[in-house]
Amino acid sequence: MDAAPTAAQITKAPSVNLDVLYRVYSLHLVDGANADQRFQNRLLKIAGVVDGVNRSLPGRVYVELRTRRPEAFVYAAMAHEDEAALDAMKPGQAVMLVCVGDGMQGGSPMLRSCRLQ
């Protein structure tokens, strides 16, 4: 589990547009190398719109974030400490998150240890 980022780390973290994140990973579907070099295991500030809130099989709660392409999403697994706040999230709601890049799975960018800002 990733430790909560400090205020200084959050300030220094780059803001990443979800469409850019999705596009960079889409361009490197086979190896993801360029995208992973830019985003994986790095703290990122994300602004997005909620499409839905779901649970994965191991019980992690994640948020589906919309991109401009209707079939394309970025998946943000929430930090355990922020899971309770997800009960109030609704589709169409704008959110600000600080997350750690977690590579690509099934053709979609993944984020982990996300915290609401």
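Is Asp51 buried, exposed or partly exposed? Asp51 is partly exposed, with a relative accessible area of 26%. The model on display is a predicted one, and the tour starts at this residue.

**Stop 1: Asp51 and Arg66**

Select Asp51 together with Arg66. Their side chains form a salt bridge, with N and O 3.1 Å apart. Arg66 belongs to strand S3 and Asp51 to strand S2, so the bridge ties together parts that are 15 residues apart in sequence. Arg66, like its partner, falls in the partly exposed class, at 36% relative accessible area. The salt bridges in the model number five, and two others are visited below.

**Stop 2: Asp19 and Arg68**

Next, display the side chains of Asp19 and Arg68, which meet in a salt bridge at 3.4 Å from N to O. This pair links distant parts of the chain: Asp19 sits in helix H2, while Arg68 is in the loop between S3 and S4, and 49 residues separate them. Asp19 is partly exposed at 23% relative accessibility, whereas Arg68 is exposed at 72%.

**Stop 3: Thr67 and the loop between S3 and S4**

Move to Thr67, which is also in the loop between S3 and S4. Its relative accessible area is 13%; because buried means under 20%, Thr67 counts as buried. Two backbone oxygens can be picked around its side chain. The oxygen of Ala72 is reached at 2.8 Å, and that of Arg69 lies 3.2 Å from a polar side-chain atom of Thr67.

Now show the surroundings of Thr67. Leaving out residues up to four places away in sequence, Thr67 touches Leu18, Asp19, Tyr22, Ala72, Phe73 and Val74. Asp19 has already appeared as the salt-bridge partner of Arg68.

Keep Arg69 selected and add Glu71. These two residues form a salt bridge whose closest N and O atoms are 2.7 Å apart. Arg69 is partly exposed, with a relative accessible area of 42%.

**Stop 4: the nonpolar cores**

Hide the charged side chains and select Phe39, Ile46, Leu65, Leu97 and Leu111. Within the largest nonpolar core, a set of 23 residues, these are the ones with the most contacts. At least two core residues come from each of helix H2 (18–27), H3, S2, S3 (61–66), S4 (73–78), S5 (94–105) and S6. The largest share, four residues, is supplied by H2. In soluble globular proteins, nonpolar side chains tend to be buried together.

Centre the view on Phe39. Apart from neighbours within four places in sequence, Phe39 is in contact with Val16, Leu21, Val24, Tyr25, Leu44 and Gly101. Another core, of five residues, lies apart from the largest one; its members include Tyr62, Phe73, Tyr75 and Met110. Phe73 was met earlier as a contact of Thr67.

**Stop 5: two positive phi angles**

Finally, select Asn41 and Ser113. Asn41 has a phi near 60°, a positive value in a residue other than glycine. Asn41 is placed in the loop between helix H3 (33–39) and strand S2 (43–55), and is exposed at 54% relative accessible area.

Where is Ser113 placed? Ser113 is found in strand S6, which spans residues 108–116. Its phi is near 55°, again positive in a residue other than glycine. Whereas Asn41 is exposed, Ser113 is buried, with a relative accessible area of 14%.

Key: Residues numbered from 1 in each chain as written. Predicted model: local features only at pLDDT ≥ 70, side-chain atom pairs only at ≥ 80, totals over all residues. Heavy atoms only, no water. Buried < 20%, exposed > 50% of the residue type's maximum accessible area, 1.4 Å probe, protein only. Core = buried A, V, L, I, M, F, W, Y, C linked by side-chain atoms within 4.5 Å. Contact = heavy atoms within 4.5 Å. Polar contact = N/O pair within 3.5 Å; in protein donor to acceptor, adjacent residues only side chain to side chain. Salt bridge = Lys/Arg side-chain N within 4 Å of Asp/Glu carboxyl O.
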